[in-house]
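Open the model in your viewer and keep the sequence panel beside it. The stops below say what to select next and what is there.

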Amino acid sequence: MDARYNTLFIGKVLKEYDILDSTNSEAERLLKKNKLAEGTIVYTEQQTLGRGQMGNAWESDRYKNLTFSLILYPKIILPKEQFILNQVVSLGIKDALLEIGLNHVSIKWPNDILIAGKKIAGVLIQNSISGKNISHSIIGIGLNVNQNEFPEGIGNPTSIVLEQEYFELKKLLQILCSCIEKKYLMLLANKQGVIHQEYLDFLFQKDVLCSYQNTNGEEFKGIIKGVKKTGELLMEYQEKIHTFYFKEISFL
Ligand code: BTN
């Protein structure tokens, strides 16, 4: 372990598998059996049924990329505040990519991480709510690292090797653990306002006139003005601010 990336709790317990259906699914199974230490990581070299947002699949070549899930118990936040976790994790990944020297990093609402407009990482967060609290959070992260080629039709992907050079997976995992922990500690220190402002600072296409499509298939030009603390996108068009929930808008 490189002392520079020592953490307090994230990544201290690493549950490693050669192959899994999905690290999020394995984390769910493990949590049904036992409580796991906060910061536990479920890690695999290969997923056979990797899950993405909106029921999509997450494709990742064996041994090439990072696919893992992090378990947190964010007792400090209420279910209605859960979008802060998306912000914490997106910012942690953004910091890790900046730390290894990548540029033009942005966060596409709600939590895709982009390099110069191309997707390098995706996040799938599953929060389990019990009463007024989040009993646990499974934070699945897929980060394209050493994959050179991607199948057709999966958007506009990139990877660290395509942007820069080969990077050792475990080393990058340590950097990610450290950067995500720093942001999570800010949340635990009640710095939600600072986290939200930084998220807005890195928001893709903020304040730029761009094309979008609504759920009726209609295209329109609008300007992202921000994101509410509860997670809805704020978009200006036809001289008004409109609110979009996740799945109600696509980026063109
Ligand atoms: C997305 O952008 O659609 C989210 C992708 C999340 C993929 C990761 S890979 C590790 C974890 N396990 C899964 O099955 N999905 C997440």
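How many bridges pair strand 3 with strand 7, and in which sense, parallel or antiparallel? Select strand 3, residues 66-72, together with strand 7. The two pair in the antiparallel sense over 7 bridges. Bear in mind throughout that this is a predicted model.

**Stop 1: the sheet around strand 7**

Stay on strand 3 and pick S69. Its bridge partner in strand 7 is G140. Now widen the selection to the whole sheet. Here 7 strands form an open sheet with mixed pairing. Read across in the order 1-2-3-7-6-5-4. The edges are strand 1 (14-17) and strand 4, each of which pairs on one side only. From one strand to the next, the twist averages 20 degrees.

**Stop 2: from strand 7 to strand 6**

Select residues 133-143, which make up strand 7. Strand 6 runs antiparallel to strand 7, and 10 bridges join them. Return to G140 in strand 7: L124 stands opposite this residue. Follow the chain to the hairpin of strand 6 and strand 7, which has 2 residues between the strands. In that hairpin G131 takes a positive phi near 60 degrees.

**Stop 3: from strand 6 to strand 5**

Select strand 5 (residues 112-115) and strand 6 (residues 118-130). They pair in the antiparallel sense over 3 bridges. Look for I113, which stands opposite A121 in strand 6. The hairpin of these two strands also has 2 residues between them. There A116 takes a positive phi near 45 degrees.

Now show the side chains of strand 5. Are its faces covered or open? Both are covered. D112 and L114 lie on one side, I113 and I115 on the other, and all are buried.

**Stop 4: from strand 5 to strand 4**

Add strand 4, residues 105-108. Strand 4 and strand 5 run antiparallel, joined by 4 bridges. Pick K108: its bridge partner in strand 5 is D112. The connection from strand 4 to strand 5 is a hairpin through 3 residues.

**Stop 5: helix 2 against helix 4**

Hide the sheet. Select helix 2 (residues 83-99) and helix 4 (residues 169-188). At what angle do they pack? The angle is about 140 degrees, with the axes 8 Å apart. Helix 2 and helix 4 are therefore oblique to each other. Their crossing is right-handed.

Show the contact residues. From helix 2 come I84, L85, V88, V89, L91, G92, I93, D95, A96 and E99. From helix 4 come I175, L176, C179, I180, K183, Y184 and L187. Colour this contact by class: 13 residues are nonpolar, 1 is polar and 3 are charged.

**Stop 6: Q174**

Stay on helix 4 and pick Q174, which is found there. Is Q174 buried or exposed? Its relative accessibility is 18%, under the 20% cut-off, so Q174 counts as buried. Add N6 to the selection. The two are 168 residues apart in sequence, yet their C-alpha atoms are 7.9 Å apart in space.

**Stop 7: helix 5**

Select helix 5, residues 192-201. Its buried residues are I195, H196, E198, Y199 and L200. What covers them includes helix 2, strand 4, helix 4 and strand 9 (219-227).

Keep helix 5 and bring back helix 2. The pair packs at an angle of about 60 degrees, with axes 10 Å apart. That makes helix 2 oblique to helix 5. Helix 2 passes helix 5 in a left-handed crossing. In helix 2, the contact residues are F83, I84, Q87, V88, S90, L91, K94 and D95. They meet Q192, I195, H196, E198 and Y199 in helix 5. By class, this contact divides into 6 nonpolar, 4 polar and 3 charged residues.

**Stop 8: the sheet of strand 9**

Start from strand 9 and show the sheet it belongs to. Here 5 strands form an open sheet in the order 11-10-9-8-12. The pairing is antiparallel. Strand 11 (240-244) and strand 12 (249-251) stand at the edges with a single partner strand each, so one side of each has no neighbour in the sheet. The twist averages 50 degrees from one strand to the next.

Finish on strand 10, residues 233-237. Strand 10 and strand 11 pair in the antiparallel sense over 5 bridges. Pick L234, which stands opposite T243 in strand 11.

Conventions: Residues are numbered from 1 along each chain as its sequence is written. This is a predicted model: local features need pLDDT of at least 70, side-chain atom pairs count only at pLDDT 80 or more; totals for chains, interfaces and linings use all residues. Side-chain values use heavy atoms; hydrogens and water are left out. Axes are lines fitted to C-alpha atoms, for helices over the stretch in contact, and angles run from 0 to 180 degrees between N-to-C directions. Angles under 35 degrees count as roughly parallel, over 145 as roughly antiparallel, 65 to 115 as roughly perpendicular and the rest as oblique. A crossing is left-handed if the near helix is turned anticlockwise from the far one by less than a right angle, and right-handed if clockwise. Contact means heavy atoms within 4.5 Å. Ala, Val, Leu, Ile, Met, Phe, Trp, Tyr, Cys and Pro count as nonpolar, Asp, Glu, Lys and Arg as charged, and the others, Gly among them, as polar. Two strands pair if DSSP finds at least two bridges between them. Buried means under 20% relative accessible area, exposed over 50%, partly exposed in between (1.4 Å probe, protein chains only).
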